[in-house]
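Work through these exercises with the model open in a viewer. Try each task before reading its solution.

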Protein chains: 2
Amino acid sequence: MNNTNNRRVGRYTVKLLNPPAIIATTSIVGPKEGKGPLKDYFDVVLTDDTNGKESFEKAESSMMYDAIQQTLDKANLKEKDIDYLCAGDLLNQLSSSNFAAREVDMPFIGLYGACSTMSESLSIASMLIDGGFAKYTIASTSSHFSSAERQFRFPLEFGSQRSLASQWTVTGSGAVLLASEGNFPRVTHITTGKVKDYGIKDPNNMGAAMAPAAVDTIYNHFLDTGRDGNYYDVIATGDLGKVGYDITVDLLKEYGYDITSSYIDCGESIFDNEKQNTCSGGSGCGCSAVVFCGYLYKQLMKKEIQKILLVSTGALMSPTTSFQGESMPGIAHAVSIEF
Amino acid sequence: MNNTNNRRVGRYTVKLLNPPAIIATTSIVGPKEGKGPLKDYFDVVLTDDTNGKESFEKAESSMMYDAIQQTLDKANLKEKDIDYLCAGDLLNQLSSSNFAAREVDMPFIGLYGACSTMSESLSIASMLIDGGFAKYTIASTSSHFSSAERQFRFPLEFGSQRSLASQWTVTGSGAVLLASEGNFPRVTHITTGKVKDYGIKDPNNMGAAMAPAAVDTIYNHFLDTGRDGNYYDVIATGDLGKVGYDITVDLLKEYGYDITSSYIDCGESIFDNEKQNTCSGGSGCGCSAVVFCGYLYKQLMKKEIQKILLVSTGALMSPTTSFQGESMPGIAHAVSIEF
């Protein structure tokens, strides 16, 4: 029997007592991401961003399905071995995830945290193992530039100009397979974010909307665990881009924490913004998913790094609420992964 | 320390070892729901379905906020006592939940399972307590006829005719407060559903799309636990309506289970379909939420019933995927609540 609070180390953070092992990951990206600075780390680079499907939405869903299947293959497991699939994406009604889940024989938990969904799904998938509910779980997210652009902004055919602070939704999907046992990097702590809103109303400036949420979650993680910027080899926010990166560094300094030695932003790392014309950097659920599943996990496995804090960050904007004059709340969830 | 699999009793079902107590609930409904057969069970019946707000979306979000606050008040708890708020709704980007969460000081987990979200959020909120991650959690969902109608179907001003198999989205929100201790009804088993698709393409016939998912989950629950239709005082599906109710009874009979003695559908119970012109019955995340938080919980507390299986059911349709010719997958999650 558990003491009901024996995993809780602070208001926002739990310490996992049977830390789940990340036994396999897969990262699939589109052609543009496959030409960026991290190109050598991705498992699959599509040559066609429709992935052979008849719509961008179906392409996105098929990328998630493929990422899940390839992850199972790497671990030599079958669909029926997986106790829970925890997944989400940016599309209305989570259609990429739902349609990918339709094709697999796994109990399904749908999650929405906008671009924070990778660390949200990792959090839930990890707690389900740690709590004794599951032996194997999969956490997965996806996003697609072309499906997101027409849902959140303008039809591609419209050819609208992009502002300098705008971000480029990553075409990609990542899947993470967690297990109760194994000599692999483990999820050790989870800090769950609150919804924060600093009144940003410009949907082309998501980095500024999300940065306060990232700062809040990282700060709470440090307070709850007694750790600081020097504890981690890498602290990776999801998709704050250039604009949000600077805000995060500055605000955390004001709170007394300097994270510059270990801090990267997945959105700033995935593209060469100048050469690839991606303005402030990448975004989308798929961004932190593929940077974690590709770049960071492979470095962990080679023991080039041993302790990371993944802080996926979401701008909880909706075209409807924006039209109704609302600002964009943000949220960030942090997952500590150590080998 | 947990044995990693000691809570799992079957492929789809976990048995909770420290069953969380449901120490308070709140149900808030719109004026139409407040004139239906269950009117005396709801905590709050709005006289104005805008709840004094300037849009239906803001009204929906404010209903969830109010349901959360009133639930806290009943239990004499503060926002900071809650370890996780697990919530979702039907609106794109979960905007009702996100904007309600923005106003409260609680770590937030956003969930999307369409109309299955009440039992999905109850599942996660319960496992977080049972697994030792939380002392108090809140599960909440909402829906609103007018915000759903214009998002999923037609603008209200269009005045479109309704088909006989169509359902009426419930205007309402329910909040459930779970605790690690207390002499209250407890969540004892959770059966998590898979995404099922039987090829239904008519968004005005959601009951037929969701019924196979409900059947699958109830059947798996029976197989995993050794229980049957006679074990429960009430088995309540979410919002299958008249059409889906009959399909569910018939299909389960084919699998060898007769549930007619205990079976109700929340969507069929909430309205007097003939007098209230609601065709096949109510639907929406808020439907099973308010029927559980109002009608069923109050009967549990009076010990008029002692064992219920709540099976909220979701049609995972999206206007985009429907336009692209896809059928509507369904999902259902079952939560066993016993006093």
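Two strands pair if DSSP finds at least two bridges between them. Helices (H or I, at least four residues) and strands (E, at least two) are DSSP runs, numbered from the N terminus. This is a predicted model, in which local features need pLDDT of at least 70 and side-chain atom pairs count only at pLDDT 80 or more, while totals for chains, interfaces and linings use all residues. Residues are numbered from 1 along each chain as its sequence is written, chains are lettered from A and ligands numbered from 1 in the order in which they are written, and side-chain values use heavy atoms, with hydrogens and water left out.

**Exercise 1. Place strand S14 of chain A in its sheet context.**

Step 1. Take strand S9 (residues 186–191) of chain A. Five bridges join S9 to S14(A), and the two run antiparallel. Ile190(A) sits opposite Val335(A) of S14(A).

Step 2. Take strand S13 (residues 307–315) of chain A. S13 also pairs with S14(A) in the antiparallel sense, over nine bridges. Thr313(A) has Ala332(A) as its bridge partner there.

Step 3. Check burial. Buried means under 20% relative accessible area, exposed over 50%, partly exposed in between (1.4 Å probe, protein chains only). S14(A) spans residues 330–338, and nine of its nine residues are buried. Both faces are covered: one side includes Ala332(A) and Glu338(A), the other includes His333(A) and Val335(A).

**Exercise 2. Describe three salt bridges and the burial of their residues.**

Step 1. Apply the criterion: a side-chain nitrogen of Lys or Arg within 4 Å of a carboxyl oxygen of Asp or Glu. The structure holds 26 such bridges over all chains.

Step 2. Start with Glu54(A) and Lys58(A). Their side chains meet at 2.8 Å, N to O. Glu54(A) counts as exposed because its relative accessibility is 69%.

Step 3. Go on to Glu57(A) and Arg150(A), whose N to O distance is 2.6 Å. This pair links distant parts of the chain: Glu57(A) lies in helix H1 (residues 56–75), Arg150(A) in helix H4 (residues 145–152), 93 residues apart. Glu57(A) has 8% relative accessibility, so it counts as buried. Arg150(A) has 39%, so it is partly exposed.

Step 4. Move to chain B. Arg227(B) and Glu338(B) form a salt bridge, with the closest N and O atoms 3.2 Å apart. Arg227(B) is in the loop between helix H5 (206–225) and strand S10 (234–237), and Glu338(B) is in strand S14 (residues 330–338), 111 residues away. Both residues are buried.

Step 5. Look across the chains. Arg102(A), Glu103(A), Asp197(B) and Glu326(B) are linked in a salt-bridge network.

**Exercise 3. Find where helix H9 of chain A bends.**

Step 1. Compare spans. The expected span is 1.5 Å times one less than the number of residues. H9(A) (residues 285–301) has 17 residues and reaches 23 Å from its first C-alpha to its last, close to the 24 Å expected.

Step 2. Compute the bend at each residue, the angle between axes fitted to the seven residues ending there and the seven starting there. A kink of about 35 degrees is centred on Phe292(A).

Step 3. Add the surroundings. In H9(A), 14 of the 17 residues are buried. Lys303(A) follows the helix, with a positive phi near 60 degrees.

**Exercise 4. List the contacts of Asn92(A).**

Step 1. Locate Asn92(A): the loop between strand S4 (84–89) and helix H2 (95–102) of chain A. Its relative accessible area is 14%, so Asn92(A) is buried.

Step 2. Count contacts, meaning heavy atoms within 4.5 Å. Leaving out residues up to four places away in sequence, Asn92(A) touches Gln151(A), Asn92(B), Gln93(B) and Ser318(B).
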